[in-house]
Amino acid sequence: MADEGKNYGLAWFLAGLGVGALVGILYAPKSGRETREDLAKGAREGTEYLKARGREAAENVGAFVDKSKEQVSAFVDKSKDQVGEYVDRGRDVIDRGRAQWEEFVERGKNLVADQTTKVSAAVDAGRQAYQTTANEPETHEY
C-alpha cells in the first residue's frame with residue numbers, strides 16, 4: 001500500500017513537470033532559437049565563472065600553502081633558537097657546577113693537608129714527650 005502512494009506521488013510530480021515545461025514553452029517571451037542561444041550563453045558564462053573561481057581557489061590554496069610553509073619555517077627557526085638557548089644555559093650550569101666541584105675538592109685537599117700537619121705535629125710532640133720522659137732517670141720516692 002505504501003508503495004502505491006509513492007508511485008502516485010512520482011506520477012503527479014512527472015505530470016507537473018511536463019505541464020510546467022509545456023506552459024514555459026507556450027508563454028516564453030523569446031523564440032526557441034533565442035532561448036537556446038541564451039541557454040548556451042548562460043552555460044558558457046557559467047563555465048567561465050567556474051573556471052575563474054577554480055583559478056582563484058587554486059591561487060588561494062597556493063598562497064595558503066606558501067603562508068603555511070613560511071609559518072612552519074618560522075616556527076622551526078624559533079624552536080632551533082630556543083633549543084640553542086637551552087643548550088647554552090645547560091652548558092653554563094654544567095660549567096658552574098664543575099667550578100664549584102673543583103673548589104670543593106680544593107677545599108677538601110687543603111683541609112686534609114691542614115689536619116695532616118696538625119696530626120703530624122701532635123704525633124711528633126707526643127714522641128718527643130715520650131722520649132723526654134723515657135730518658136729521664138727514674139726517681140722513686142718511697
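Glu103 has a relative accessibility of 39% and is therefore classed as partly exposed, since that value falls between the 20% limit for buried and the 50% limit for exposed. In this predicted model, the side chain of Glu103 meets that of Arg107 in a salt bridge, with an N to O distance of 2.6 Å. The two residues are four positions apart in helix α2, so about one helical turn separates them.

Helix α2 spans residues 32-135, and two further pairs in this helix may be read in the same manner. Asp95 and Arg98 are joined by a salt bridge between their side chains, at 3.7 Å from N to O. Both residues belong to helix α2, where a spacing of three residues places them about one turn apart. Asp95 has a relative accessible area of 44% and is therefore partly exposed. Arg98 is assigned to the partly exposed class as well, because its relative accessibility is 46%.

The next pair consists of Asp124 and Arg127, whose side chains form a salt bridge with an N to O distance of 3.6 Å. Asp124 and Arg127 are three residues apart in helix α2, so the separation again amounts to about one helical turn. With a relative accessible area of 44%, Asp124 is partly exposed; Arg127, at 47% relative accessibility, also counts as partly exposed. The pairs described here are among the five salt bridges that a search of the whole structure finds.

Attention now turns to helix α1, which covers residues 2-26 and contains Leu10. Why is Leu10 counted as partly exposed? Its relative accessibility is 49%, and the exposed class requires a value over 50%, so Leu10 remains in the intermediate class. Leu10 also belongs to a nonpolar patch on the surface, together with Phe13, Leu14 and Leu17. The accessible area of these four residues together is about 430 Å².

The description may be completed at the level of the chain. Its secondary structure comprises two helices and zero strands. Of the 142 residues in the chain, 0% are buried. For an individual residue, the buried class would require a relative accessible area under 20%. The chain exposes about 13200 Å², and carbon and sulfur atoms supply 60% of that area.

Conventions:
Residues are numbered from 1 along each chain as its sequence is written. This is a predicted model: local features need pLDDT of at least 70, side-chain atom pairs count only at pLDDT 80 or more; totals for chains, interfaces and linings use all residues. Side-chain values use heavy atoms; hydrogens and water are left out. Patches are made of residues with over 30% relative accessible area and no salt bridge: like charges are joined within 9 Å, nonpolar side chains (Val, Leu, Ile, Met, Phe, Trp, Tyr) within 5 Å. Accessible areas come from the Shrake-Rupley method with a 1.4 Å probe; for residues, only the protein chains shown count as cover. Buried means under 20% relative accessible area, exposed over 50%, partly exposed in between (1.4 Å probe, protein chains only).
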